[in-house]
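These are my notebook entries on a structure that I looked up. I record here what I checked, entry by entry.

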Amino acid sequence: MALVSLITGDGIGPEIADAAKRCVEATGADIQWDIVEAGSAVMEKCGSPLPQETIDSVLRNKVALKAPVTTPVGTGFRSINVHLRQSLDLYACVRPCKSRKGIESRYDDVDIVVVRENTEGLYAGVEFKEGEKETVELIDWLNAHNSKQIAKDSGISIKPLSIEGTERIVRYAFEYAKKNNRKKVTSVHKANIMKFSDGLWLEVSRRVAKDYPEIEFDDLIVDNMCQQLVMDPSRYDILVMPNLYGDIVSDLCAGLIGGPGVAQGANIGEKGAVFEATHGSAPTIAGQNIANPIALIFSAVMMLEHLEMREEAAKLEKGCNLVLAEGKSLTPDLAKDSSLAKGTKEMADAIIEKIKSL
Ligand code: NAD
């Protein structure tokens with residue numbers, strides 16, 4: 001039996017978490033849920049949108065299925081998601097983007113996995129506010145040590161990329177390729193401009209690639225990558241990249257398969273793994289039984305694979321694919337005829353029915 005933390009989130013979180021939980025249970029997966037909270041509702045109770053109890057639950061169980069949470073604005077709390085990733089050192093963000101029959105999109109042959117470094121780069125959270133004493137001191141120091149002068153009224157965000165951090169994420173991408181029988185890894189960067197951060201990234205990528213001669217390796221500059229993906233995504237397999245590029249390119253790839261509402265994801269590290277949809281808490285449609293649960297359910301497929309429950313994962317994915325292809329029990333965002341759209345609960349019921357029939 002596996003113990004899994006279920007973070008129910010806020011906004012549409014509780015509705016889609018319930019749908020995903022019921023679908024996972026229908027596969028017969030031997031899972032006991034540890035239901036924990038994060039987000040605005042628990043903030044009122046505990047004074048924090050991410051209680052220590054929730055972090056401890058994930059550290060204890062090492063696996064979590066997480067529904068989206070709203071980032072509180074103007075409370076002094078940074079993003080709960082960033083906080084969770086940093087607290088648990090979930091360094092690898094894995095976002096498979098695959099075309100599926102029944103989901104309208106520009107292409108029908110996308111099968112890309114974006115592997116994003118989650119802890120370093122421009123999202124490391126090392127920032128200096130314009131006008132503050134430390135910022136002025138930093139600018140003075142930088143100006144004294146560099147011929148390129150920074151304006152005194154600048155705000156500064158630091159972009160650290162380390163050998164260790166780069167090596168572990170690039171190695172993760174190659175190991176993922178090996179385990180999942182994928183053929184090619186592309187390292188994405190901007191080494192032509194940022195020679196000491198992205199340049200180091202590229203150098204380390206090339207070095208790690210030598211350990212995996214059976215897997216094809218190439219690299220591409222991030223702007224060219226975006227253009228190539230929009231023109232012909234079928235040429236790409238696994239893409240590995242630093243934090244900011246990963247955030248942007250994974251949304252681009254989600255757009256290629258029908259939008260973030262259908263894109264699954266996982267944040268993985270040595271201490272734990274958190275599986276979650278790409279989309280947010282969609283507060284404007286919360287509580288109306290119209291949110292699409294499919295991205296969280298596909299994230300649960302990844303979770304079952306991670307738990308080595310391969311048969312159950314295959315059943316869950318097949319159940320979802322059958323319901324999508326049939327097109328009769330889809331939420332309004334997916335339904336071709338909106339007058340025939342179904343609710344979150346009804347879509348989950350249809351998936352469960354398919355799973356039971358397998
Ligand atoms: P969002 O993804 O919540 O919504 C964007 C649009 O997509 C909205 O129109 C929404 O109604 C729609 N949408 C999203 N998910 C849907 C679903 N499952 N079914 C149907 N429609 C769906 O993005 P946002 O509005 O920028 O963010 C809202 C909140 O979510 C913010 O506080 C943001 O910080 C947070 N957020 C959380 C996560 C996470 O928890 N992993 C990720 C992204 C954003």
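**Entry 1. Asn118**

I began with Asn118, which lies in the loop between β5 (111-117) and β6 (127-128). I take helices (H or I, at least four residues) and strands (E, at least two) as DSSP runs, numbered from the N terminus. The relative accessibility of Asn118 is 5%, and Asn118 therefore counts as buried. Here buried means under 20% relative accessible area, exposed over 50%, and partly exposed in between, with a 1.4 Å probe and protein chains only. I also looked up the separation of Asn118 from Pro96: the two are 22 residues apart along the chain, and their C-alpha atoms are separated by 16 Å.

**Entry 2. Basis of the values**

I note that the model is predicted, that local features need pLDDT of at least 70, that side-chain atom pairs count only at pLDDT 80 or more, and that totals for chains, interfaces and linings use all residues. Residues are numbered from 1 along each chain as its sequence is written, and side-chain values use heavy atoms, with hydrogens and water left out.

**Entry 3. The ligand**

Which residues come nearest to the ligand? I found 18 residues around the ligand, of which Val69, Thr71, Gly280, Ala282 and Asn292 come nearest. A residue is near the ligand if one of its heavy atoms lies within 4 Å of it. I sorted the residues of this shell into 7 nonpolar, 8 polar and 3 charged. In that sorting Ala, Val, Leu, Ile, Met, Phe, Trp, Tyr, Cys and Pro count as nonpolar, Asp, Glu, Lys and Arg as charged, and the others, Gly among them, as polar.

I then looked for backbone atoms beside the ligand. A polar backbone atom of Ala282 is 2.8 Å from an oxygen atom of the ligand. For Ser281, a backbone N or O atom lies 3.0 Å from a ligand oxygen atom. For Asn292, a backbone N or O atom lies 2.9 Å from a nitrogen atom of the ligand. The ligand exposes 810 Å² when taken alone, and the protein buries 63% of that. Accessible areas come from the Shrake-Rupley method with a 1.4 Å probe; for residues, only the protein chains shown count as cover.

**Entry 4. Cysteines**

How many disulfides does the rule give? I count 0 disulfides, a disulfide being a pair of cysteine sulfur atoms within 2.5 Å. For Cys23 the closest cysteine sulfur is in Cys320, and the 6.2 Å between the two sulfurs is too far for a bond. Cys23 is buried, at 0% relative accessibility. Cys46, by contrast, is partly exposed, with a relative accessible area of 48%.

**Entry 5. Helix α10 and Glu308**

I checked the length of helix α10 (residues 294-306). At 1.5 Å a residue its 13 residues should span 18 Å, and this agrees with its end C-alpha atoms, which are 18 Å apart. The expected span is 1.5 Å times one less than the number of residues.

Why do I call α10 largely enclosed by the rest of the structure? Of its 13 residues 11 are buried, so the rest of the structure largely encloses the helix. Among the buried residues are Ile294, Leu296, Phe298, Val301 and Leu304.

Glu308 follows just after α10 and takes a positive phi of about 65°, although Glu308 is not a glycine. Most residues other than glycine have a negative phi. Glu308 is found in the loop between α10 and α11 (310-326) and is exposed, with a relative accessible area of 52%.

**Entry 6. Lys62**

I noted a second positive phi at Lys62, near 70°, again in a residue other than glycine. Lys62 is in the loop between α3 (52-61) and β3 (63-66). Lys62 counts as partly exposed, at 44% relative accessibility.

**Entry 7. Further loop positions**

Is Ala191 buried or exposed? At 11% relative accessibility, Ala191 counts as buried. Ala191 has its place in the loop between β8 (184-189) and α7 (198-209). Ala191 and Val222 are 31 residues apart along the chain, with their C-alpha atoms separated by 9.4 Å.

Glu104 is found in the loop between β4 (92-98) and β5, and its relative accessible area of 60% makes it exposed. I looked up Glu104 and Ala335, which are 231 residues apart in sequence and 9.6 Å apart in space, C-alpha to C-alpha.

Conventions:
A polar contact is a pair of N or O atoms within 3.5 Å; within protein, one must be able to donate a hydrogen and the other to accept it, and residues adjacent in sequence count only if both atoms are side-chain atoms.
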